[in-house]
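Biologist: Please take one strand of this model and examine it closely, residue by residue where possible. I would then like to see how that part sits within the chain and the assembly as a whole.

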Protein chains: 2
Amino acid sequence: MNFKLIIEYDGRDFRGWQIQKNERSVQGDIENALEMMCRQKITLHASGRTDAGVHALGQCAHFRCETRLTADIFLKGLNSLLRDDIVIRECTEMPENFHARFDVRNKIYQYRILNTPLPSAIDRGYSWHIRKKLDILSMQTAADHLPGKHDFKAFEGSGSPRAHTVRSIHKAEFEKNEKGYIIFKIQADGFLRYMVRNIVGTLVNVGLGRITAADFRQILLSGDRSQAGATAPPQGLFLLQVNY
Amino acid sequence: MNFKLIIEYDGRDFRGWQIQKNERSVQGDIENALEMMCRQKITLHASGRTDAGVHALGQCAHFRCETRLTADIFLKGLNSLLRDDIVIRECTEMPENFHARFDVRNKIYQYRILNTPLPSAIDRGYSWHIRKKLDILSMQTAADHLPGKHDFKAFEGSGSPRAHTVRSIHKAEFEKNEKGYIIFKIQADGFLRYMVRNIVGTLVNVGLGRITAADFRQILLSGDRSQAGATAPPQGLFLLQVNY
């Protein structure tokens, strides 16, 4: 039997999704709970990794297991075994051939920037505080170059090159709310490592007036990582949704 | 000179406002930072204590100090010395006789309940999760008995009796939002220890149908702590504002 999980987690206390020796990982915690329920070692396959400190509201993963336990029992059992910074939001039985990574149609990430003179004590683990006023209009003008099929090599994390760096972005939009938050939502068929955080770091350079929206386009086209901005910090990033 | 601070803090990692031996307190952290800036021991007087795990968006406190440092320098200096779970939002020079506790006109607290079938991993430190559906209308009917001048002995924390337990409540209102949050706002000229959390715990009993709004009124009038509900957990409580 094949089960799909939709998972929320607070990334603060994890080394990331992927299992690590002697460090807490989301995958490790859930696999341990699954092992307790199934009395055998279970491997959990996510839609993709998230890095240390990155949060998820709708990460997806699947696991295969011959069991009499139902999806509903897994949902309740896992939530009672897991610590409270991981919540299983849904568990569904899937066709045998469903694969949480290979079958992804697209994913949506959100990045939260708090653009106010003072930081927030309460929200510091869930946003990137930027004191200086950002020009959201020019950031959106730059982001308008993202949708479509492009080689995103310029925004790939160094040290993690992939053979294939072309991805299709469907949407890349900023929203502002009255509390000083700037929310960036980006939807694509896939993401390279650090891609969202490198894009956000570079868009912030546009918002600060260090580079123009045209420069942003040129960086995207150049494929040159060294021209892009610094990687935005992890705590502003949320994996919102994975679509199949 | 006499300075007033408006302070935001995340209560998660503190034993509360009040200074404690060998434990982190908000007062202790700020007094240490003030001592570094003023090169002498400074005592900080808050509008009142908050308990372990309780948050503040607008706690107020004052300190007296003969110094050439300005309010603006205190604001910047304290924020650079303090860890990121305390943020000084404002620093203002006040008349010599201003006192952050004695001069309080009224205070506003907020209590956040997450009333959804599943808890939240991200928001677990900032709300009380209640799975069973609460009847917010009957909770508001009960809360409508609160405004006015009453003896709140029934809602005082045990082991901390005050001579004077009469307080005036100006407002006690529930609000619901589309994300499943029920927000309780209460404004009064003063609060007894655990008063908000004991009121919320008892109102939740109304919302769960365990007692009626009329029972709530009777508990308030009885002055009998043993009839009130359990103390609501600290992480849902925020000190929003102190008015002078």
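**A close look at strand E9 of chain A**

Modeller: Leaving out residues up to four places away in sequence, A:Gln187 touches A:Asn106, A:Lys107, A:Ile108, A:Ser168, A:Ile169, A:His170, A:Lys171 and A:Asn243. The model is a predicted one, and A:Gln187 belongs to strand E9, which covers residues 181-188 of chain A. The relative accessibility of A:Gln187 is 16%, and buried means under 20%, so this residue counts as buried. One of its partners, A:Asn243, is placed by its number in strand E10 (237-243).

A second residue of the strand, A:Phe184, is also found in E9. Its relative accessibility is 1%, so A:Phe184 is classed as buried. With neighbours within four places in sequence set aside, A:Phe184 is in contact with A:Tyr109, A:Gln110, A:Tyr111, A:Ala143, A:Leu146, A:Ala172, A:Glu173, A:Phe174, A:Ile199, A:Val200 and A:Leu203. Among these partners, A:Ile199, A:Val200 and A:Leu203 have numbers that fall in helix H4 (195-207), while A:Ala143 has a number that falls in helix H3 (136-143). As a gauge of distance, the C-alpha atoms of A:Phe184 and A:Gly48 are 20 Å apart, with their positions 136 residues apart along the chain.

The chain leaves E9 through a loop that leads to helix H4 (195-207), and A:Tyr194 is found in that loop. The phi angle of A:Tyr194 is near 65 degrees, a positive value in a residue that is not glycine. A:Tyr194 has a relative accessible area of 27%, and it therefore counts as partly exposed. Another non-glycine residue with positive phi is A:Arg39, at about 55 degrees. A:Arg39 is placed in the loop between helix H1 (26-38) and strand E2 (45-46). The relative accessible area of A:Arg39 is 78%, which makes this residue exposed.

Two further loop positions help to set the strand in context. A:Lys133 lies in the loop between strand E6 (128-129) and helix H3 (136-143). Its relative accessibility is 62%, so A:Lys133 is exposed. Apart from neighbours within four places in sequence, A:Lys133 is in contact with A:Asn115, A:Lys176 and A:Gly207. The C-alpha atoms of A:Lys133 and A:Lys21 are separated by 42 Å, and the two residues are 112 apart along the chain.

The other position, A:Gln235, sits in the loop between helix H5 (213-222) and strand E10 (237-243). A:Gln235 is partly exposed, with a relative accessible area of 21%. Residues up to four places away in sequence not being counted, A:Gln235 touches A:Gly53, A:His55, A:Arg124, A:Gly125, A:Tyr126, A:Ser127 and A:Trp128. A:Gln235 and A:Val206 are 29 residues apart in sequence, and their C-alpha atoms are 21 Å apart in space.

These local views belong to a chain with five helices and 10 strands. Buried residues account for 58% of the 244 residues of chain A. Of the contacts in chain A between residues at least 6 apart in sequence, 70% join residues at least 24 apart. A compact globule of 244 residues would have a radius of gyration near 18 Å, and the 19 Å of chain A agrees with this. Along the principal axes, the C-alpha atoms fill a box of roughly 60 × 40 × 30 Å. Chain A exposes about 11,400 Å², of which carbon and sulfur atoms supply 48%. Its side chains include 34 positive and 27 negative ones, and the centres of the two sets lie 3 Å apart.

The assembly holds a second copy. Chain B is superposed on chain A by a rotation of 180 degrees, with 0.0 Å of shift along the axis and an RMSD of 0.0 Å. The two copies are thus related as by a two-fold rotation axis. In chain B, B:Asp123 comes closest to that axis, its C-alpha lying at 5.1 Å. Of the interface residues of chain B, 100% are also interface residues in chain A, so the copies meet through the same surface.

Within chain B, helix H2 (residues 71-81) has as its buried residues B:Ala71, B:Phe74, B:Leu75, B:Gly77 and B:Leu78. An α-helix has 3.6 residues a turn, so residues three or four places apart point the same way. The buried residues of this helix pack against strand E1 (2-9), helix H1 (26-38), strand E3 (55-64) and strand E4 (86-94) of chain B.

Key: Residues are numbered from 1 along each chain as its sequence is written. Chains are lettered from A and ligands numbered from 1 in the order in which they are written. This is a predicted model: local features need pLDDT of at least 70, side-chain atom pairs count only at pLDDT 80 or more; totals for chains, interfaces and linings use all residues. Side-chain values use heavy atoms; hydrogens and water are left out. Helices (H or I, at least four residues) and strands (E, at least two) are DSSP runs, numbered from the N terminus. The radius of gyration is taken over C-alpha atoms; the globule rule is 2.2 Å times the number of residues to the power 0.38. Buried means under 20% relative accessible area, exposed over 50%, partly exposed in between (1.4 Å probe, protein chains only). Contact means heavy atoms within 4.5 Å. Accessible areas come from the Shrake-Rupley method with a 1.4 Å probe; for residues, only the protein chains shown count as cover. Lys and Arg count as positive and Asp and Glu as negative; His and the chain ends are not counted. The place of a charge is taken as NZ of Lys, CZ of Arg, CG of Asp or CD of Glu. Copies are superposed by least squares on the C-alpha atoms of residues with pLDDT of at least 70 in both.
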